[in-house]
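Trainee: Please take me closely through the sheet architecture of this structure, strand by strand, together with what packs around it.

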Amino acid sequence: MNTSTTTSGLVIAIDGPAASGKSSTARAVAGRLGYRHLDSGSFYRALTLAALQRGIPVDRWPLLTHEELDSLHVDAVPADGSFLVRVDGQDVSEAIRGADVNAHVSLMAAVPAVRGWLLEILRETGRNGGLVADGRDIGTVVFPDADLKIFLISDPEVRARRRLLQQGAHPDGETLRQETERLAARDHLDQTRSIAPLVPAADAITLDTSDLSFEEQVSAVVELSRVREP
Ligand code: CDP
């Protein structure tokens, strides 16, 4: 992957549970600092979409080999301060946010061969610095030497409400309850898997965004990054 447009700067890791605002925060922080944004979850989502489209039964996913993962034709190209994740060369940015992918992505992400297959691809994006990467294991596994590690948390209902609003849905009582349950189920899978579970890195700074506006949470991370700059 060609990452040559970015040649210096920090590597910032932002991890946290589902819908904690990692991606939107990471994108905005990258924009402010002139860095590139890496949404690592989009790779797991694209692999999930490709496997579903190819009709590979979910119970076969733990057996996927590197060759089979190669044949899913998932890749990413630098674009617009970020990376555009593709399947068969097609932009899948919208398709990977669908309910079917949401429901299955944590199963794909728990497969050790999948994580092994992706690791070098993800690491390559930060080779020259100037990267804000978000996910579940960025500060613990992908970039254990990141210059700044943030662990974003917020109240489950706040997260569910934000996710529904983001999807254009109306967060009424029952819808909110169901979305909170779906997020909790995904968090549980991500936290309890044996490989690269969702946990804060020992040197991560935890930021609770329940009572912060988006602007406040972005500014908080930008301020912390200024302190780490050489
Ligand atoms: O945006 P949201 O929090 O809903 O999820 P995401 O960041 O797009 O990640 C989707 C799923 O991919 C997560 O639920 C994890 O199962 C997995 N993932 C992971 O295992 N490791 C990462 N570094 C990023 C995502």
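Mentor: Five strands make up an open sheet, ordered E2-E6-E1-E7-E8 and paired in parallel; helices (H or I, at least four residues) and strands (E, at least two) are DSSP runs numbered from the N terminus, and two strands pair if DSSP finds at least two bridges between them. E2 and E8 are the edge strands, each with a single partner, so one side of each has no neighbour in the sheet. From one strand to the next the twist averages 20°, where axes are lines fitted to C-alpha atoms, for helices over the stretch in contact, and angles run from 0 to 180 degrees between N-to-C directions. This is a predicted model, in which local features need pLDDT of at least 70 and side-chain atom pairs count only at pLDDT 80 or more, while totals for chains, interfaces and linings use all residues. Residues are numbered from 1 along each chain as its sequence is written, and side-chain values use heavy atoms, with hydrogens and water left out.

At one edge of this sheet, E2 pairs with strand E6 (residues 131–135) in the parallel sense over four bridges, and Asp39 stands opposite Asp134 in E6. Helix H1 (residues 22–33) lies across E1, E2, E6 and strand E7 (148–153), and its direction runs at about 180° to E6. Helix H9 (residues 214–228) also packs on the sheet, where it touches E1, E7 and E8 and makes an angle of about 160° with the direction of E7.

Within the sheet, Ala13 belongs to strand E1 (residues 11–15), and this residue is buried at a relative accessible area of 1%, buried meaning under 20%, exposed over 50% and partly exposed in between (1.4 Å probe, protein chains only). Leaving out residues up to four places away in sequence, Ala13 touches Ala133, Ile138, Gly139, Ala146, Leu148, Lys149 and Ile150, contact meaning heavy atoms within 4.5 Å. The C-alpha atoms of Ala13 and Asp137 are 8.8 Å apart, although 124 residues separate the two along the chain.

Following the chain from E8 into the loop that leads to H9, one meets Ser210, which counts as partly exposed because its relative accessibility is 21%. Its side chain makes a polar contact with the side chain of Asp208 at 2.7 Å and reaches the backbone nitrogen of Asp155 at 2.9 Å; a polar contact is a pair of N or O atoms within 3.5 Å, and within protein one must be able to donate a hydrogen and the other to accept it, while residues adjacent in sequence count only if both atoms are side-chain atoms. Neighbours within four places aside, Ser210 is in contact with Ile153, Ser154, Asp155, Val158 and Arg162. Its C-alpha lies 34 Å from that of Asp75, which is 135 residues away along the chain.

On the other side of E8 in sequence, the loop between helix H8 (173–192) and strand E8 (205–208) holds Arg193, which is buried with a relative accessible area of 9%. The side chain of Arg193 has a polar atom 2.9 Å from the backbone oxygen of Ile195 and reaches the backbone oxygen of Ala196 at 2.7 Å.

There is also an open sheet of three strands, in the order E3-E4-E5 and with antiparallel pairing; its edges are E3 and E5, each with a single partner strand, so one side of each is left without a neighbour. E3 and strand E4 (residues 82–87) run antiparallel and are joined by six bridges, and Val74 has Val87 in E4 as its bridge partner. These two strands form a hairpin with two residues between them, and Asp80 in the turn has a positive phi of about 55°. E4 in turn pairs antiparallel with strand E5 (residues 90–91) over two bridges, one pairing being Val87 with Gln90, while Arg86 stands opposite Asp91. The hairpin of E4 and E5 likewise has two residues between its strands, and there Asp88 takes a positive phi near 50°. Helix H2 lies across E3 and E4, running at about 10° to E4.

Strands from both sheets also meet helix H5: E2 and E3 are among the elements that cover its buried residues, which are Val114, Arg115, Trp117, Leu118 and Leu122.
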